[in-house]
Amino acid sequence: MTNAITTLGIITTVLSILIYMPQVYKGWVTKDVSSLSRPTFTMVFIGSLLWMIYGAYTGATAAMLTNVGIGILMVPLIYLLFIDNKIIFFTLVATLIAVTVVSIIMWAVGFDQNVALNYTFVILAGPLTSISFVPQVYN
């Protein structure tokens, strides 16, 4: 039964990452993302970052690795969506890099959760504060 659950987890991880591949491919090849929603993809991106943190804290390796993959895959779409506003793009990418590195270190080393939580908030405070002006872009 454990092997079946592990296999299910692997399949789910691969499909969760690959679900964005057609959109990334089409967006990158055509350079047309006008039909995509900035708020939706921003929320998916930030949600992936939060799932990475959750996976690192709880030891949920599949959740962390899935969302590392999704976050990395989202970078080209986020770039195309925010090509007119490089500050937001670089803020999102910097946040992805910081969260990924911290999450992997916490997961690998097995930091105490309270200590890890403090480090995460310190690292995220800058980028996430600067992203607070994202809604202004949609007006």
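Tutor: Let's start with a definition: rings of Phe, Tyr and Trp (its six-membered ring) pair if their centres lie within 6.5 Å, and planes under 30 degrees apart count as stacked, over 60 as edge-to-face and the rest as tilted. This is a predicted model, where local features need pLDDT of at least 70, side-chain atom pairs count only at pLDDT 80 or more, and totals for chains, interfaces and linings use all residues. Residues are numbered from 1 along each chain as its sequence is written, and side-chain values use heavy atoms, with hydrogens and water left out.

Student: How many aromatic pairs does a search of the whole structure find, and which residues form a pair?

Tutor: The search of the whole structure turns up one aromatic pair. Its centres are 6.2 Å apart and its planes meet at 50°, which makes the pair tilted. The partners are W28 and Y79.

Student: Which helices does the pair link?

Tutor: Helices here are DSSP runs (H or I, at least four residues), and strands are E runs of at least two, numbered from the N terminus. The two residues of the pair are 51 residues apart, in distant parts of the chain. W28 lies in helix α2 and Y79 in helix α4 (residues 61-81).

Student: Why does W28 count as partly exposed?

Tutor: Buried means under 20% relative accessible area, exposed over 50%, and partly exposed in between (1.4 Å probe, protein chains only). W28 is partly exposed because its relative accessible area is 42%.

Student: What sits over the ring of W28?

Tutor: A charge sits over a ring if NZ of Lys or CZ of Arg is within 6 Å of the ring centre and within 35 degrees of the ring normal. Here the charged group lies 3.9 Å from the ring centre of W28. It belongs to a residue in the loop between α2 (21-30) and α3 (38-58). What sits there is the charged end of K31.

Student: Which element gives the most to the largest nonpolar core?

Tutor: A nonpolar core is a set of buried Ala, Val, Leu, Ile, Met, Phe, Trp, Tyr and Cys residues joined through side-chain atoms within 4.5 Å. The largest one has 30 residues, and F41 and M74 are among those touching the most other members. Two or more residues come from each of α3, α4 and α5 (86-109). The most, nine residues, come from α4.

Student: Is I10 buried or exposed?

Tutor: I10 is in helix α1. Because its relative accessibility is 52%, I10 counts as exposed.
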